[in-house]
Structure formats: structure tokens, C-alpha cells
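Please examine the sequence and the structure shown below. The paragraphs that follow lead through them step by step.

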Amino acid sequence: LAILLTSVYGIFASVSMTRERLDADSAEYHRARVLFDRLGRELRGVYFQPRDKALTFTGKAVDDRLVELELTTTAVSPLSQTGSGIAKVHYLLVEDQEDAATGLVLMRSEHSVHESTDEEAAGMMRLVPGIASMTLRFYADGQWQTAWDGRTSGLPELVEIALQLGTDEEESIDFISAFEIPMVTTQ
């Protein structure tokens, strides 16, 4: 009876650990999907004209771990203060000050292009905590670049986002997606 109960306990413990791991992975996949959906919508709605100083499209690595993406888009958030029209969206991957154990956090701000406000007043919101790493790459003219400035280069053809969720190197999950930027010509 003891041997039978020990083996049954071992099976239940194994199933329980597997279920917990699947639940954790499911949460990571959900966070990645939500982030990629939002970024994809905003990237597909990019509105940029190099001669208009109020409009922007830049992306770069701030250092070896941190990244920044700023763009103007017609895909505004329904709950934002901007209402409708064109919004300036700013993403910044930074060290998580609220919970150092979770690694990095992706911060986001959004405000109207026609509103004269500085970035600090717009306020950055915590969007996705628990990021191990994130990289941006921009594709144009047959080559990939790690930084982009729309003022000098216009819009890229594609933006690739690589994301690693989870703080434990062994249990982190890699995600990668590329988003096509629609080329809108203006007269």
C-alpha cells in the first residue's frame, strides 16, 4: 500500500508541476500576443511625413539592454486622453523599479500630436513587466538596421521585434514578429 501511494503521489506531483508550468507559459504567450497586437496595430497605422516636425518615427537601442521606439500613429487607444486623430506613442524598455526580480518593464505613453505637452507630463504607463530582453530591427533597401531615424531615412519597410519573456534564462520564452509598414504617399 505504501509503494502504491508513493507512486500515485509521484504521478500527481508530476502532473501538478506540469500544469503549473503550462499555466505560466500560457500567461507569457498571452502577454506576448497582446503586446504584438498593440504594436502591430500602431505600426500599421504609422503616420509620418519627414517635413512635419510634429510627426516622428525613431527606434534605437538605448544601451545593451534597453530600447526605445517613438512613432506617430492613427491607431489611438480607445481609453486614451487623445480621443481620435494622430497620437505620438513612446515605448521605452527600462529596468523595473517596482520589482527588480522581474527584470525589465516596457513603458508606454500616448498623447495627441497637436497637444503641446512634454513626455513627462504625458506619463509613462507600465505595459509589460517581466521582460528579459527586447530588440528592434528595421528593414529597408535589402538590409536590416538596429536603429532608425525617420527624419533622415523615411519609413522602413519592416519592423522586427524580438522579445524574451521571463526572468529565468532556462525558463524564458522567445517571441519574434515582423510588421510591415504601409507606404503611404502624400502629394
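Does arginine 31 count as buried, partly exposed or exposed, and why? Arginine 31 counts as partly exposed because its relative accessibility is 22%. The model in which this residue is seen is a predicted one, and the mean pLDDT of the protein is 84, with 86% of its residues at 70 or more. Confidence also varies along the chain: among the elements, strand E6 (residues 143–145) has the highest mean pLDDT, 95, and helix H2 (residues 119–122) the lowest, 48. Where pLDDT is low, the predicted coordinates should not be read in detail.

The overall plan may be considered next. The protein contains 3 helices and 9 strands, and from the N terminus on these elements follow the order α-β-β-β-β-α-β-β-β-α-β-β. Of its 187 residues, 40% count as buried.

Arginine 31 has a charged partner. Its side chain meets that of glutamate 28 in a salt bridge, with 2.5 Å from N to O. The two residues are 3 apart in helix H1, which means that about one helical turn separates them. Glutamate 28 counts as buried because its relative accessibility is 19%, and the limit for that class is under 20%.

Other salt bridges join parts that lie further along the sequence. The search of the whole structure finds 8 salt bridges. In one of them, the side chains of glutamate 95 and arginine 65 meet at 2.9 Å, N to O. Glutamate 95 belongs to strand E3 and arginine 65 to the loop between strands E1 and E2, so the pair ties together parts 30 residues apart in sequence. Another salt bridge, at 3.6 Å from N to O, is formed by the side chains of glutamate 98 and arginine 126. Here the loop between E3 and strand E4 is tied to strand E5, because glutamate 98 lies in that loop and arginine 126 in that strand. Glu42, Arg108 and Glu110 are joined into one network by salt bridges that share partners.

Nonpolar residues offer a further view of helix H1, which spans residues 2–44 and includes valine 8. Together with Leu1, Leu4, Leu5 and Phe12, Val8 makes a nonpolar surface patch of about 560 Å². Valine 8 counts as partly exposed because its relative accessibility is 32%.

The interior remains to be considered. There is 1 cavity of 30 Å³ or more, and the largest cavity has a volume of about 40 Å³. Its lining includes Leu39, Val67, Tyr91 and Met134. Strands E2, E3 and E5 are the elements that give two or more residues to this lining.

Definitions and conventions. Residues are numbered from 1 along each chain as its sequence is written. This is a predicted model: local features need pLDDT of at least 70, side-chain atom pairs count only at pLDDT 80 or more; totals for chains, interfaces and linings use all residues. Side-chain values use heavy atoms; hydrogens and water are left out. Patches are made of residues with over 30% relative accessible area and no salt bridge: like charges are joined within 9 Å, nonpolar side chains (Val, Leu, Ile, Met, Phe, Trp, Tyr) within 5 Å. Accessible areas come from the Shrake-Rupley method with a 1.4 Å probe; for residues, only the protein chains shown count as cover. A salt bridge is a side-chain nitrogen of Lys or Arg within 4 Å of a carboxyl oxygen of Asp or Glu. Helices (H or I, at least four residues) and strands (E, at least two) are DSSP runs, numbered from the N terminus. Buried means under 20% relative accessible area, exposed over 50%, partly exposed in between (1.4 Å probe, protein chains only). pLDDT is the predictor's confidence in each residue, from 0 to 100. On a 1 Å grid over the protein atoms alone, a cavity is a set of points where a 1.4 Å probe fits but cannot get out, and a pocket is an open set with protein on both sides within 12 Å along at least five of seven lines; lining residues have an atom within 4 Å of a point. Grid points are joined across faces, edges and corners, and a volume is the space filled by probe spheres set on the points.
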